[in-house]
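Here are my notes on this one, written as numbered points. Keep the viewer open and follow along as you read.

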Amino acid sequence: MSQQARVAVLLVSHDGASWLPAVLDGLREQTAPLDSVVAVDTGSKDDSPEIVRQALEDHVPLAVRRMPASAGFPDAVADGLQALAAAGRDPEWVWILHDDARPAPTALQELLAVAGERPEADILGPKLREWPSLRRLLELGVTISGTGRRETGLERGEYDQGQHDEVREVFAVNTAGMLVRRAVLEELGGFDAALPIFGNDLDLGWRAAAAGRTTVIVPKAVVFHAEAAHRGVRRTPLTGRHTHFQERRAALFTLLVNARGATLPLQVVRLALGSVLRMFGLLGVRAVGEALDEIAALASVLRHPGRILAARRTRRAAVATLRGDAGPDRERVRRLLAPWWLPYRHGLDFFGDLVAAATNQAADVAERRRAAAAERDAAVAPPAARHRDEEDDYADTGWVVRFFTSPTAMATAIVVLALLVGVRDVVGGFSGGALSPTPDGAGAWWRLHLEGWHPIGFGSDVPAPAYVLPLAVLAWPVGPSTLISLVMSLAAPVALWGAWRFLRVVGRFVTPYGAPRWLLLWGSVTWALVPLASGAWGGGRWGVVVAAAVLPWLAHAALGFADPDAAHRWRAGWRTGLALALLTAVAPSSWLVLAVLIAALVGFAFRLAPGEVRERSVWGPPVAALVVPLLVLVPWWLPALFEGAAGTLVLDIGRWPSAATSGWDLLAGRFGDLGAPAAVGLVLPVLALLSLVPAATRIPVVACWVVAAVTAVVGVPLAVTSVGLAGGDGQQPGLGIVLLVLQGAWLTAALLGGLALHHLGDQRRPVQAGLALVGLAGLVAPLVGLVWFAVWGGEDLSDDPPSDVPVYMAQRAEQADEDGILVLRGSIADGLSYEVHRGDGATLGEDEIAALTPEDADVTATIRSLVTAPDPDAVQELSRRGILYVVQAAPADGAVASSLDATTGLVQASSSRGTRAWQVDPAPGPLPEHHDWARALLLLVQGIAIPVLVVLALPPLRRSRDD
Amino acid sequence: MTESGPTDVPKSDVPPSGAGRRASVSRARRVDLLVGLAILAPTVVALSVGLVGGEDNPLAGPQPPTTSALTSATMVCPGGLTGDDGPVRVTRTPDVPGGKLAVATAPAARGASGSSTTKSGTAITVEQGSTVEVPSSTGPTVLDGRGAAAPGIAAGRDGELAVPECRGPSYDEWLVGVGSSARYATTVELVNPDDGDAVVDLALHDATGPVEEPALRGIEVPPHGVKRIDLATAAPRAEATAAHLTVVRGRVTATARNTWDPLGRGRVTTDFLPPDTDPSSSSLLLGVPDKPAQPTLQLANPGEDEVRVSLRFVTEQSSFAPTGAPEISVPPQAMETVDLAKLFKGATAEGVVGIEIEASGPVASSFMALSGDDLLLLAPAPALDDPAAAVVPSGRKTLVLGGAERTGVVSVVSYDAAGKEIRSDKVEIGTDRAATLALPGEAVSVSVVARTTRIQAVVLAATGGRKPGLATLRVRPGELRAQIPAVDPD
């Protein structure tokens, strides 16, 4: 550096008294000489200008200027440049500093050195490190991504170890410590006043790049930055309380005013959609304020298209002045902008973090309790884990080796394979037993869920079953048929996974070492087989199958009630509630069973520790878990009560009637005659009974038995009553959940008893032999179940009998709701029953509505009149109620048939032998429209409750840059 | 899965600081509680499971229909054997008001097959206690009553050696023992009383099972049409069969005439084959003549399982299993012909007026015999629960009563052509026996009222002279009430 370049410092301050002294110290310590200092203060309420004056007055030529608080950073810089000109100073460089940015002593020297080496560099920036930590990197040049995100290319909280120390061209540099040629700054028109605080550096960099100017980062120059405005430490009238709003507004504005003209409309669409998406993401991590800021920023920018266009005109003019006809330096801009895939990468990372946090948040309740206990009592040190994680053992080996050398992993894989072999029948869609055929599209389910009046039968106000909403949501990508196949085939593996996680935590509760892997494998496989061996799968009772998959996850979430941290407990409450809502949707009596269980749990806890339980964050979460399903499922249970379909609240879902469950079935874990040999099912309760013997684990085993006892007691009134269905048949309320909870409690008890087995060597020989025998029985039982299911599991799932409705009528019925088909069965002597085939028939979800819809006495009277004697008025009534055909199923009662033959308005229609059919004349008109505002209200409650509860249940993920 | 288990555990497993003293003090009590729970909880489970026991879903069983006043009734009288048989006479069962009946008639039949149409004629009014002759009713005649005129129509036609049954349309019935050969031929007359088409299926069953006979499927009878089908022409077969008649569309009254032609070795004789509308496992063939020639029992099994049949003879004194009665088995969907000649030989068969059939499953049956060279065909008579009336042939005649479920008195009143009561009789009847009553020769109609038991009744009209023979007529229950089915959503 032969000739010392002249540098004027432009120090902008606003209420910076807490940092200014240090900043000024930094200035004074500069090894490079300063030409002059212009300090611009924007309406500080503290004595910032005075501090500056006192510190610098005697050292360098100083001008202190005051501006109103409404002046932004660009205004301050412009004012500073004017002051320089007014003072007749003509420095080559301007070094911009913030009142919270302290330069290292050599900062300016290093910047000038690089400026000398690289004469093409017009804007230079230092390495920004965090203040006051001093070591963590903040920025080494920045760029902007397609979504407006400020990209530094650094990991969060990365420490400066010289890993980025190379001088390179960048898109933009932060204004804190920015060294810029005064002439260039003036040519470019300074900073854009539309960006008062945030994002003006990116905008300037973009404009500079477009004008063909070079921006360079100089890592050897270091400036420590407190980022007071960004972190909300400093509030000015310009940042307001909504920092995020200002940042987003600036980002959107920068993108829109600098983007290429051809892509502008596309950019607007993309940014709008992106903002909405980000809003949901922010809501998902309970950052409601930022979510609102996000959308408000978008609105604020798009509300003034004129400003954007004006700003674009200014930029075009600037480029034209600087580059003439060459146009903007697009190549440079493109090179320096963030790559296009970066936002997607961020989205993926975010989603991954969310899932990991959501699934892991309860995993270590036992550990946290122990840690909390250790904190209270230092003598109880957490013991070293006996079973280390596989990850530690095989840290260096590949996953293939780890997989094939782990017997547990291999056994799990084999079990899952066997389960998938067993469910082979689901390929290509299936139905039978309690499982009705699926509708053609998810739209049918949506309609069923949304409408308050269904064109089922002669019209029904009975609400759609609660499970229709999740089915509708899940069926969106794959279609209903595939969805049911997937649900039926994946339920068992999911149950296995859930049981593994639950039992692992249970094991850790009981012993610090946790349960051994083989025992967990045994427990989870046995659990996964419960719905399969019980015959629920083969009988098409898909609600029980899904409930078995949900229950361990619910139990796992409920373990969080015991968390030492109140926030964790509340989250456990919300999560348990959501799981219970799902469970109740697929097995409605679950709510009742769980309510009694939770009441018993709270009651017991109150007896044991009344002081602790009285605290709201202890009893609150379990109660919240019970309230959540009431809120989430309100469009289902509330109308059901009013429409006389209260039976749906206790019946197992599916097509009724399904065989009743006896006490013996509950004991053996079987549904009627379906399922694996019953003797195998008795092994589990016997094991659970024997588990009461070892003293070491007796307390938790007794607790399991208490759960079983409470559940069994709740099961009694359910089992001995019956719910009346349309047609006079009765159906036993659903005992599926009772069976599952009983089996689950026994399984947990047996597993806990199994924990005592590792003291086998200490026992006497006959005892050893006996225990070995018991263990063998416990081992053989699930194996038998597995083999049974893999070979014979799907045999009971018979196809539905062929329909009585002729094909051409069914096709016609599919085309319009009003073209219903009245199907009559039976005879005069034994009584006639009627049902209506509408649309694509009774599909999954609709069958329950049809069965629970109370009889319409008028309709029955009309049909009775029709079949008793020719009655043209009855035909007109049928037509009015949307009946196009009347079918008398084989064997047709001739007396009825002849009466219908002789009825005016019924025209004989072709049908297969033995079946009689008539067409109603005139054909029915469209069914009346129904608008149910009450239903809309309930759906609104549900629609708000679900996302809010999901957000409440998710772990906190949003971390600021301070973490 | 349990949540209370693990959550309770740490409270005792890892005592919180400062709780150690409390724990040691209450340890003894807590152990007792634990053991108590360890015994109590499984006991509660066992008790609950025991309480649940075996459960079944309550199912809605068959629901019997209710009844109401009949508001619409149709009665079809087939044509007589020859064109010059008497006209149709109509009367009423006791205790109904009566009223105006619409009449439609077709010309008398010519030939074994062919078709004609009924034309509506002058309406007649049939009041309680009157007998009205339907004008120009030598051919098939349809009577239709509406409203108060519907209940209790009873009609009949005079005839020598064979009288047809007037009855309403039916949908499913068995004609057991139809012939399609030159020796024994059946003509089926189908009458459609309605404005719409009617379609009839005739399914034949022989000794081995169902017989495929496409020509008898989907027989169409036009509105108000009469269709006669000669089975010997339409579906010729050597041996007799059982015909299962089902109406697949509309309403039809079917009447079968069987003609026995010994091909020059005797008299050609014809009788109406009464249908069996209700195959049952227990039935009574009433009206067996004295010393029948070639007595033959024909049994058809509509079911899918073989049916074993035993029979008993019914006399006025008792019912008994005749010695040497064969053990009969009827294959599924087949017709079995049993020769009863051996049983009717000897003294034991004297006085037999009925044959009681006991079967292991529903069977349809008929009895065929020659009485003085005259063909005689019987089928189980319908049970009479209510007062019934019948228009009876002229001449010497006997009323045979049977099938009583308990001892009772049957009141039989005979009326002349003017509707005047000629005679009133009380007949005692008991279970397992029959009763006979000679009716006045000039009686044109009778009413049969059994107040305490259901019975079956058949009128035997004997003809002497050059062509001796016997005509039988089942007394049919009057249609008094409409059955309203129990209707429920499915």
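**Notes on the two chains**

1. Let's start with how chain A is wired. Among its contacts between residues at least 6 apart in sequence, 79% link residues at least 24 apart. Keep in mind that this is a predicted model.

2. Next, the general make-up of chain A. Its secondary structure adds up to 38 helices and 19 strands. The C-alpha trace spans about 115 × 85 × 50 Å along its principal axes. Of the 963 residues in chain A, 50% count as buried.

3. How confident is the predictor here? Chain A has a mean pLDDT of 86, and 94% of its residues reach 70 or more. There are stretches to treat with care, though. Over residues 380-395 of chain A, pLDDT stays under 50, and the model has 19 contacts beyond four places in sequence for them. Residues 959-963 of chain A also stay under 50, with two contacts beyond four places in sequence.

4. Have a look at helix H7 of chain A, residues 243-258. Does its length add up, or does it not? At 1.5 Å a residue, its 16 residues should span 22 Å, and the end C-alpha atoms are indeed 22 Å apart, so the two agree. H7(A) is also mostly covered, with 16 of its 16 residues buried.

5. Now pick out A:Val683, which lies in helix H29 (residues 683-690) of chain A. Is A:Val683 buried or exposed? Count its surroundings: 23 other C-beta atoms sit within 10 Å. The cut-off for buried is 20 or more, so A:Val683 counts as buried.

6. Which residues does A:Val683 touch, leaving aside its neighbours within four places in sequence? They are A:Ala777, A:Gly778 and A:Ala781. Take the last of these: A:Val683 and A:Ala781 are 98 residues apart in sequence, yet 6.7 Å apart in space, C-alpha to C-alpha.

7. On to where the chains meet. The contact takes 81 residues from chain A and 59 residues from chain B. On the chain B side, at least two residues each come from helix H1 (4-13), helix H3 (27-52), strand S17 (241-249), strand S36 (481-484) and strand S37 (487-489). H3(B) gives the most, with twelve residues. By type, the chain B side divides into 30 nonpolar, 17 polar and twelve charged residues.

8. There is strand pairing between the chains too. Strand S16 of chain A (residues 831-837) pairs with S37(B) in the parallel sense, over three bridges. To find this spot, look for A:Leu832, whose bridge partner in S37(B) is B:Val487.

9. Finally, strand S13 of chain B (residues 198-206) is worth tracing. Which strands does S13(B) pair with? One is strand S15 of chain B (residues 219-221), antiparallel over three bridges, where B:Val200 stands opposite B:Ile219. Another is S17(B), antiparallel over seven bridges, with B:Leu202 opposite B:Leu245. S17(B) also appeared in point 7, as one of the elements on the side that touches chain A. Then there is strand S14 of chain B (residues 209-211), antiparallel over three bridges. B:His205 has B:Pro210 as its bridge partner in S14(B), and a hairpin of two residues joins S13(B) to S14(B).

Note on methods:
Residues are numbered from 1 along each chain as its sequence is written. Chains are lettered from A and ligands numbered from 1 in the order in which they are written. This is a predicted model: local features need pLDDT of at least 70, side-chain atom pairs count only at pLDDT 80 or more; totals for chains, interfaces and linings use all residues. Two residues are in contact if their C-beta atoms, placed from the backbone, lie within 7 Å. Helices (H or I, at least four residues) and strands (E, at least two) are DSSP runs, numbered from the N terminus. Ala, Val, Leu, Ile, Met, Phe, Trp, Tyr, Cys and Pro count as nonpolar, Asp, Glu, Lys and Arg as charged, and the others, Gly among them, as polar. Two strands pair if DSSP finds at least two bridges between them. A residue is buried if 20 or more other C-beta atoms lie within 10 Å of its own, exposed if 12 or fewer, and partly exposed in between; C-beta atoms are placed from the backbone. The expected span of a helix is 1.5 Å times one less than its number of residues. pLDDT is the predictor's confidence in each residue, from 0 to 100.
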